[in-house]
Amino acid sequence: MVETLRQAFHQNGEPIAGLGIEPESARNDGNLVGVVRVWLWRDYSGRREVLVQKRAKTKRVFPGAYDLAVGGHIDLGEVQAEAAAREAYEELGIKLDPEKLRIIGMTRLDKVIDDATRICNLVWNYSYQLVGNEQITIDPKEVESTDWLTLDACLKLAEDGKVPAPAKAVRSSLDAITAIKSVYAADH
């Protein structure tokens with residue numbers, strides 16, 4: 001499989017026109033690479049829930065960890081919302097309308113994973129409300145399983161260190177999701 005170049009970004013979040021970074025370079029040389037994350041949520045039986053994934057054990061970064069959002073790198077020349085919709089489809093087989101994505105934050109992530117891997121990402125966080133009955137088709141190279149969890153259960157995973165994201169960042173995203181008014185008339 002040929003991996004596509006990843007979009008490089010300036011510190012201010014503007015893409016560097018035409019500058020693509022090889023995937024291995026994106027992990028190792030400190031280049032600022034764009035990443036999207038989409039928190040998929042629903043209102044169900046009077047409570048708000050997030051679709052949580054367990055990452056495949058074969059993933060190079062955070063194998064077997066819980067992930068509270070779908071996501072991945074922004075390809076060279078790709079717009080953030082398009083990358084978010086592409087990632088949801090690749091990982092879970094869910095087609096999202098990029099126009100219905102809601103930006104809930106943007107963060108910088110600098111993290112040393114191991115001697116060979118340093119992450120230096122600019123992360124756009126989105127939320128997207130699902131009805132809750134969407135057909136999910138996981139890519140086993142990406143995702144081992146999925147489950148719907150309450151917002152409190154998601155925060156507990158973060159506080160217990162079972163997700164890659166820091167608890168403070170998770171709390172911020174969950175607070176943003178809590179504040180969103182449902183676009184559907186009733187729970188499903």
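1. Which residues does Q80 touch, not counting residues up to four places away in sequence? The list is F9, G13, V36, I74, W124 and Y126. Keep in mind that this is a predicted model.

2. Now place Q80 itself. Q80 lies in helix α2, which covers residues 80–92. Is Q80 buried or exposed? Its relative accessible area is 17%. Buried means under 20%, so Q80 counts as buried.

3. Step back to the whole chain. The chain has 4 helices and 9 strands. Read from the N terminus, the order is β-β-α-β-β-β-β-α-β-β-β-α-α.

4. Next, burial and surface. The chain has 188 residues, and 44% of them are buried. Its accessible surface is about 9,900 Å². Carbon and sulfur atoms account for 51% of that surface.

5. Look at the contacts too. Take those in the chain with a separation of 6 or more. Of these, 65% join residues 24 or more positions apart.

6. Helix α3 deserves a closer look. It spans residues 151–159, and its buried residues are L151, C154, L155, L157 and A158. They sit on the same side of α3, because they cover an arc of only 155° around the axis. Here is the background: an α-helix has 3.6 residues a turn, so residues three or four places apart point the same way.

7. What do the buried residues of α3 pack against? Their partners are the strands β4 (47–55), β5 (66–67) and β9 (143–150), plus helix α4 (167–179).

8. Finally, check what follows α3. G161 comes after the helix, and its phi is positive, near 75°.

Notes. Residues are numbered from 1 along each chain as its sequence is written. This is a predicted model: local features need pLDDT of at least 70, side-chain atom pairs count only at pLDDT 80 or more; totals for chains, interfaces and linings use all residues. Side-chain values use heavy atoms; hydrogens and water are left out. Helices (H or I, at least four residues) and strands (E, at least two) are DSSP runs, numbered from the N terminus. Buried means under 20% relative accessible area, exposed over 50%, partly exposed in between (1.4 Å probe, protein chains only). Contact means heavy atoms within 4.5 Å. Accessible areas come from the Shrake-Rupley method with a 1.4 Å probe; for residues, only the protein chains shown count as cover. The arc is that of the directions from the helix axis to the C-beta atoms.
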